[in-house]
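Trainee: I would like a close look at a single part of this protein. Could you pick one and stay with it?

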Amino acid sequence: MISDANLKPLLVIYIGAFAPPMIKHVKNRYILHRDSVSNIERKILVNFVNFKKEKVGIKPSPKEIVVSLYNTLKLVAEHVLALHKERYDEATKNLFTNEVERAWVLNAKKPVSDDMHEGLLWVEKVRDACVVDGTNPGASDLILIENKVKHLLRGFDPGALPQEGAGR
């Protein structure tokens, strides 16, 4: 786990101008108001930093990249849902897909397309294969997951969040 003392410099190094808006928003909140940042926001940052660190590593681990991206998107969705005072039961089938889709509708104010739904189910399936079965995704699958997750992360709008602190 990354300590608070180590997290701030890592945020400056790994989360720059091209990061998704929601990630930059949470980073800025952490840097400016660290005491009021929720645990879930901190986890979002840690997972995104882990993804970026792994990506620039000499021998990046495909599993670590998939899990970090998956966790980042899942935590962003949980954060949006929490701010809207919504929560899914952990026993919900395809929990990841359901949470991301609901958060997308609440925050991006756009409908969920069939392609998006199928893409989320696929990301969930690949992540489960990495974690449960220990398989490494192929290079093409890894690039596809990265593109899908980063595209979705870019679609979340920090300006559309309910007032800060409303869901805490």
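Mentor: What follows starts with one helix, then moves on to the loops around it. The model is predicted, so local features need pLDDT of at least 70 and side-chain atom pairs pLDDT 80 or more, while totals for chains, interfaces and linings use all residues. Residues are numbered from 1 along each chain as its sequence is written, and side-chain values use heavy atoms, with hydrogens and water left out.

Start with the core. The largest nonpolar core holds 48 residues. (Such a core is a set of buried Ala, Val, Leu, Ile, Met, Phe, Trp, Tyr and Cys residues joined through side-chain atoms within 4.5 Å; buried means under 20% relative accessible area, exposed over 50%, partly exposed in between, with a 1.4 Å probe and protein chains only.) Ile-15, Val-49, Leu-73 and Phe-156 have the most contacts inside this core. At least two core residues come from each of helix 1 (4-14), helix 2 (21-32), helix 3 (39-55), helix 4 (62-83), helix 5 (95-107), helix 6 (114-133) and helix 7 (139-155). (Helices are DSSP runs of H or I, at least four residues, numbered from the N terminus.) Helix 4 gives the most, with 11 residues. That is our part.

Look at its partner helix 5. The two helices pack at about 50°, with axes 8 Å apart. (Axes are lines fitted to C-alpha atoms over the stretch in contact, and angles run from 0 to 180 degrees between N-to-C directions.) This angle makes helix 4 oblique to helix 5. (Under 35 degrees is roughly parallel, over 145 roughly antiparallel, 65 to 115 roughly perpendicular, and the rest oblique.) Their crossing is left-handed. (That is, the near helix is turned anticlockwise from the far one by less than a right angle; clockwise would be right-handed.) Helix 4 brings Tyr-70, Leu-73, Lys-74, Ala-77, Glu-78, Val-80 and Leu-81 to the contact. Helix 5 brings Leu-95, Phe-96, Glu-99, Val-100, Arg-102, Ala-103, Leu-106 and Asn-107. (Contact means heavy atoms within 4.5 Å.) Sorted by class, there are 10 nonpolar, one polar and four charged residues. (Ala, Val, Leu, Ile, Met, Phe, Trp, Tyr, Cys and Pro count as nonpolar; Asp, Glu, Lys and Arg as charged; the others, Gly among them, as polar.)

Now take helix 7. Helix 4 packs on helix 7 at about 20°, with the axes 10 Å apart. The two are therefore roughly parallel. This crossing is left-handed. On helix 4, Pro-62, Ile-65, Val-66, Leu-69, Thr-72, Leu-73 and Val-76 take part. They meet Leu-142, Ile-145, Glu-146, Val-149, Leu-152 and Leu-153 of helix 7. The tally is 11 nonpolar, one polar and one charged. Leu-73 is worth finding on screen: it touches helix 5, takes part in the contact with helix 7, and is listed with the core's best-connected residues.

Now the loops. Asn-94 sits in the loop between helix 4 and helix 5. Its phi is positive, about 50°, although Asn-94 is not a glycine. Asn-94 is partly exposed, at 30% relative accessible area.

Past helix 5, Ala-108 lies in the loop between helix 5 and helix 6. Ala-108 is buried, at 13%. Leaving aside neighbours within four places in sequence, Ala-108 contacts Ala-103 and Gly-155. Lys-109 is in the loop between helix 5 and helix 6. Lys-109 is exposed, at 58%, and its phi is positive, near 60°.
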